[in-house]
Amino acid sequence: MLTPYTRAWCEIDYNAIAHNVKEVEKLVGDTKIMGIVKANAYGLGAVQCAKALQAAGVRFFGVSSLDEAIELRSGGIHDEILILGYTPPKNFDQLVAYHLIQSLVSLDYAKKLDAFAKEHNTKVRVHAKLDTGMNRTGIVYQPDHQCFEELKEAYTLPNLCVEGIFSHFPVSDDLGEESRQFTQKQIELFDEAINRLKNEGIDPGVRHIQNSYGILNYKDLGYEYCRPGLLYMGVTSDDAIEIESEPDFIPILSIYANVSLVKWLKPGESVSYGRHFIAQKDTKIATVSIGYADGLPRLLSNCGVQVLVNGQLCELVGNICMDQCMIDVSDVENVKEGDVVCFVGEENGHRLTIDRVSRLAKTINNETLTRITARMPRLEKRKR
Ligand SMILES: Cc1ncc(COP(=O)(O)O)c(C=O)c1O
């Protein structure tokens, strides 16, 4: 077994998840949390995050696919699991075998599930996905007769147990007037569809619509569940985006790598591919064993981004390579092979956020997190 803390690695503060869950609960009151752990909990470890969420009282999980659900079951998660995405008909039997809840991507899809259940003399548990404006998946709901009939038909298919109804916000992160109106309209449509079901004597089941920004900006909706992913990780998609509430989250991810070599360059000598950094004076360079094949975006090359070497801020210089990058450590005394460099995390009063990585990489934290590659060990946070 290799020693884990030797090249490049993530440290994850799974204990901070409980704190972040409490912060979400302060916002949403009695609304319970469905912990979204899809895409390996955005790369931070689905089973570990689900267990930390369980310890904080979460009893419902959301994933994107059947294999993600099975991974949770195999990891000992026996609570409710909703598959938010599509499961192909040839795998319908697994939904029943693993006691999973499938979301209805359309009425046609609901009919296929119903036919499967009938043929196998079983019942399939589902949540009705209502498309109120995302136009991705779901039974479209607009207040005309036909849409409601489709929803009602899905609810009355005899071999499905429709235990819940949900929808999704595309612009809950935007406090601009147009986006607010759009989101409010979605909430109205959602409520209207639910009330019409109730008026027809149909129990809609549990209701949920809020993702992380839905929780931050539309906290008082009072549905049975909300669906945070990023928030329990202690971040939003982008900390430059204004939000309505003032939660106190603890980011759970730190990223570190080791120094492999320290050397002095003379004026005129260059660093890395393309020779984009040329030393203007005697410059001490540390080579660090992390690169874009670990998930460090190459767009962070040559833009003055700072990292922490022995608690001191230093600039990354030259192009980031596949497995390595270089740092100007001229001002750091005693830096040597084996020293730990912090790329994301907190040290010596400096906080290096994932947000700044995402901004420089022209993306959002959701993508930066999920792009951390498989060769990066995900380890429990160590005390420093
Ligand atoms: C349907 C659905 N619900 C909830 C979430 C969680 O979103 P967030 O990480 O913004 O909380 C996602 C993530 O993309 C999603 O697709």
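Which pocket does the ligand take up the space of? In this model, which I should say at the outset is a predicted one, the space taken by the ligand is the largest pocket, and I would like to walk you around that site before turning to the cysteines.

The residues that surround the ligand are Ile 36, Lys 38, Tyr 42, Arg 136, His 168, Asn 211, Ser 212, Arg 227, Pro 228, Gly 229 and Leu 230. Sorted by class, this shell is made up of four nonpolar, four polar and three charged residues.

Three side chains in that shell deserve a careful look, and I will take them one by one. For Tyr 42, an N or O atom of the side chain lies 2.5 Å from an oxygen atom of the ligand; for Lys 38, the corresponding separation between a ligand oxygen and a side-chain N or O atom is 3.0 Å; and for Arg 136, a side-chain N or O atom is 3.3 Å from an oxygen atom of the ligand. As for how much of the ligand is covered, the protein takes away 90% of the 400 Å² of accessible area that the ligand has on its own.

Now to the cysteines, where the count of disulfides comes to zero. Why does Cys 49 have no bond to the closest cysteine sulfur? That sulfur belongs to Cys 10 and is 11 Å from the sulfur of Cys 49, which is too far for a bond, because a disulfide would need the two sulfur atoms within 2.5 Å. Cys 49 counts as buried, at 0% relative accessibility, and Cys 147 is buried too, with a relative accessible area of 12%.

Note on methods. Residues numbered from 1 in each chain as written. Predicted model: local features only at pLDDT ≥ 70, side-chain atom pairs only at ≥ 80, totals over all residues. Heavy atoms only, no water. Near = heavy atom within 4 Å. Polar contact = N/O pair within 3.5 Å; in protein donor to acceptor, adjacent residues only side chain to side chain. Areas by Shrake-Rupley, 256 points an atom, 1.4 Å probe, with all protein chains shown as cover. 1 Å grid on protein atoms, 1.4 Å probe; cavity = no way out; pocket = protein on both sides within 12 Å on 5 of 7 lines; lining within 4 Å. Sits in = over half its atoms within 2 Å of the grid points. Nonpolar A, V, L, I, M, F, W, Y, C, P; charged D, E, K, R; others polar. Buried < 20%, exposed > 50% of the residue type's maximum accessible area, 1.4 Å probe, protein only.
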